[in-house]
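Q: I'd like a close look at how helices pack in this one, please. Start with the term I'd need to follow it, then carry on to the sheets and the empty spaces.

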Amino acid sequence: MTMKRMKNLKSVILLLGALACLPLVFSCSNSQSISSGENQSIDVEITADSLQGMLRVTVGKAEVVLGTADEQARQNERPKMKVAIDYSFSVGRHEVTCKEFNALMKDETGLVLDCDNGKLPATNLTYYDAVLFANARSHSEGFDSAYSYTGVVLDAEKHCTNLEGFAFHPEKNAYRLPTEAEWVLAASLNWSPSGGWNAKNSDYRLHDVCTISQEEDKPCDMAGNAMEWVNDWMGFFRDTTLINYVGAPDGGTLGERVVKGGSYRNAASAITLYGRGDVYTVTSSTRADYVGFRLAFGHIPNAVWMGSNGRATQSRVVPLAKASTLYSLTKTYKMKLAFRSDLTGNLTYIDYSSGVLSVVEIPDTLEVFHPEISPDGEKVAFCTGLEGVSGKSAVYVRDLNADGTNLVKLDVEVAAIPRWRVLENGDTAIVYVTSAGNNKEETSFLASSTWQVVFKKGTFGQPEKLFDGAYHGGISEDGTLAVTGARLLRARVADAGSTVMKSATDTVWYDGEQACNASLAKDRSKRTLFLDFGGETGRAFVGTQYDTHERLLVVDSTGALVQSVAAPSGYSFDHSEWVSNNNLAVVTLANMNGSHQVISLVNFSDSSLIDLAEGDELWHPSLWVNKRHFAEGNWLNLDSAGVYLTEEHVAMQSKHRVKMELFWKNLEKNNVLLVGSSRMEMGVNPDMFPEWNMLNLAVPGIDPARDMYFAKNYGLNHSEHLKALAISIDLDNWRGSEDFLHYMLYTTPGYQYDADHNFWVDSIPGAFLEAVENSYPAEIDIRAQITDRGGSWGIARSWDSEPVDVLFDTVFTEEQMNYLHARIDELKSIIDIAAKKNIYVIGIIFPQAPQYKETNALGLYGLQRSVAKKLIDSLDLLSKENKYFVLMDENKMGDHDYTDEMAYNRDHLSNIGAAQLTARLDSVLKTLKW
């Protein structure tokens, strides 16, 4: 793929939608005074900075408004939220230029931008590219860096697509990206969208920085020219005032970032202070040839984050290891980490199967100790008492979701340290104890007891006493061993030919020395993991001196020491627990002051540690890993089979990953397959007529080569039950400007693996679907948008909810016309293949804003109306000559009957419009003969 085509491909991710203007009020100490409807007072002085290319923003009093009250704005732009800024900072007068970027980054990562000249803004950069530049400039000038990470992922062009273990440190005095609040403050000092490079005056290209705004003491190009990355993760606003707000603590379930200021592609009316992005998802690895960045400098005192729960905090939990790093050990992305946030006492979790590492805290008044995730990964049990402490404790179970729904309490007097167990009959049970206190004194220990209760269909059964003694470290799979450790490492070992539930012997292991945090392996090895206090027995086994909790120790089923792992320098272990069915354990790492700062995964195969999360006081981790059930002798390459998504991806790929899984799952049911662009995705509702067993495979982006590839190689290759294939015909952009097919095939191994195996025409391996299900997942929010039949839709708005612009030249070049005709020929070949299989092909031309009749274009992306009319007439003629092709022209050159409420925007239908079009498709299907 050429560099130009790759840039065009990336640019589709950030196409800007229409936004309305936000009035902002301020008065500046440099004698400027502007009033606002908010009656705010912004007292700042902006001066030249000693740092090259920077302006110093000295804050006396500053309060800016993020978001808007406009009900037509996007959800993540509402409501208004006030942010007070009580510190001074520096900001770049202009965006970082191509010359500036290349001068630093050529030696830093090898990335060199291909720019027409050095004064243009540096664009086509990921958020991570900008972060690395900020760090590089900090280092070059002798400052500390504002961003830390543990690993760098570069693509073939040297763009950074991921920083593993990424964290922003606002307390560092360093170069960084401006926060959204800082950006709005700086932009408001010289805000003039009509006076910047916009769609009206830019000739649809970038311009040298500061060529349209010459004020030396003001930031330039903040409205228009290049859109700009800011520092913040995307978060929702609330009607409140925050001080020194720095965004959301993470990217949520979509991993979204904020971009500001519009670009040369946008109408001035669409560039607003409150605009934050696009209808498409903007993530840290997104890049586009009209998005760049400017720098800020300075530390942010008492920085405040606000999560999706609407609670502001000065601390946060940062996920560290990538899901793919864990996959290398577990061979599944279906993993969840739950733990206690000791600052709040709440249950917190990370869902690695969500597609994006996001930390979710479930707010509650209950104290949460010792959470353990259920065998199916859907629920979590926890108690309100702490190991080693006697007294009242209750056991609860709730759904492991953001709301912690279906909370159920076990109705007994005392219950502590719950552990899940699958019984021989398949029932799921919870083992608990009546006391979690000190077990050193045997009489009091045996006065407590261990119980079991079945948990089925969201309710507890009748508790059953198993035996005396509080064995809360777990019971082995075969029921012959139970352990506990809360001062002493105790074991209950079944007598020969017996089980724990019947005749057994209580014993003390580890020579009676002090031990805690006992955890019995959840496989069949009967190993016990525990911590000690630097006792003689442990030191003799290890062969060196160590202090309390500086070693993880493992004993076998007889109590003999078999393994030890050392804590990292400066840390000790705590809260150690085995991970299900793996040679792995999850632990917390405490620093020399006893603060539990890190949750780590220990690999006992090589004694290595992988840090999973860091924060303030993270306790009692439980890591659930889905079991794999591959058939014996399975030969599939799990690094490729069914892998339709990787960590570095765009939203279009996420949607296709969801739909490919639906395709394979419903292979025996699919009667009508829908492929195409987002117009098909939003314009046909497959759930309206379940009798047709429709599956909507359409995804965003217009690329007919992609759509026909999937129609031919997947749809028609597995057509035993297929009756019809519907394809969106988007003539206004069948020009070959976006090569999504190439992007998907060569950045995601699953598609190439399918091609290498002839798309599984002969037979589908028995383990293939499981490989698809356990491969890298799409974001949970994307999954939630798509129904089981691949349906998704938009709310009713109007045809002119966005400016009815024509984004490209209406006259196609000769090369583009050749491409268009080649795609029509390819469509005809698909019709021929389908006809031999008695399958109909339905081509749908989707309605667009009727206002395009007033232009010379068919629709949003162009194509002369006269040329479009001839092409549509030829397709109509084809439908008359070939009974296996049906043309549904729902646009009718703009003379359609789709009303305003049927539109989502200028070229997409709303759910109401989709209902009308789908009903018409149903009528067409009923006329076909099979």
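A: Let's start with handedness. When one helix passes another, look at the near one: if it is turned anticlockwise from the far one by less than a right angle, the crossing is left-handed, and if it is turned clockwise, the crossing is right-handed. One thing to keep in mind throughout is that this is a predicted model.

Now try the term on a real pair. Helix α8 covers residues 651-665, helix α10 covers residues 704-715, and the two pack with their axes 13 Å apart. The angle between α8 and α10 is about 20°. Angles under 35 degrees count as roughly parallel, so α8 is roughly parallel to α10. As for the handedness, α8 passes α10 in a right-handed crossing.

Stay with α10, since α10 has a packing relation with α15 too. Here the axes come within 10 Å and cross at roughly 15°. By the same cut-off as before, α10 and α15 are therefore roughly parallel to each other. This time, though, the crossing is left-handed as α10 passes α15.

From α15 you can step on to α16. Helix α15 runs over residues 814-836 and helix α16 over residues 865-881, and they pack at an angle of about 15° with axes 13 Å apart. That angle is why α15 and α16 also come out as roughly parallel. Their crossing is right-handed. So, following the chain of partners, you go from α8 to α10, from α10 to α15, and from α15 to α16.

On to the strands. One open sheet has six of them, with antiparallel pairing, in the order β33-β32-β34-β35-β36-β37. At the edges stand β33 (504-508) and β37 (561-566); each has a single partner strand, so one side of each has no neighbour in the sheet. Going from one strand to the next, the twist averages 30°.

Zoom in on the β37 end of that sheet. Strand β36 (residues 551-555) pairs with β37 over five bridges, in the antiparallel sense. You can find the partners across the pair: Arg 551 faces Ala 566 in β37, while Leu 552 stands opposite Val 565. β36 and β37 make a hairpin, with five residues between the two strands. In the turn, look for Gly 559, which has a positive phi of about 95°.

A second open sheet has three strands in the order β14-β12-β15, and its pairing is mixed. The edges here are β14 (257-260) and β15 (291-293), each of which pairs on one side only. The twist in this sheet averages 50° from one strand to the next. Strand β12 (residues 227-233) is joined to β14 by three bridges, and the two run antiparallel. Across that pair, Trp 229 sits opposite Val 259 in β14.

Last stop: the empty spaces. The structure holds eight cavities of 30 Å³ or more, and the largest has a volume of about 530 Å³. Of the 32 residues lining that largest cavity, those closest to its centre are Tyr 128, Asn 162, Trp 233, Val 356 and Leu 357. Two or more lining residues each come from β9 (160-164), β10 (167-168) and β19 (318-319), with β9 giving the largest share, four residues. By class, the lining has 16 nonpolar, nine polar and seven charged residues.

There are pockets to look at as well. The second largest pocket has about 640 Å³ of space. It is lined by 29 residues, and the closest to its centre are Pro 375, Trp 420, Arg 421, Val 422 and Lys 522. At least two lining residues each come from β23 (369-373), β27 (416-422), β42 (618-625) and α13 (768-773). Sorted by class, this pocket's lining has eleven nonpolar, nine polar and nine charged residues.

Note on methods:
Residues numbered from 1 in each chain as written. Predicted model: local features only at pLDDT ≥ 70, side-chain atom pairs only at ≥ 80, totals over all residues. Heavy atoms only, no water. Pairing = 2+ DSSP bridges. Axes fitted to C-alpha atoms, helices over the stretch in contact; angles between N-to-C directions. 1 Å grid on protein atoms, 1.4 Å probe; cavity = no way out; pocket = protein on both sides within 12 Å on 5 of 7 lines; lining within 4 Å. Points joined across faces, edges and corners; volume = space filled by probe spheres on them. Nonpolar A, V, L, I, M, F, W, Y, C, P; charged D, E, K, R; others polar. Parallel < 35°, antiparallel > 145°, perpendicular 65-115°, else oblique.
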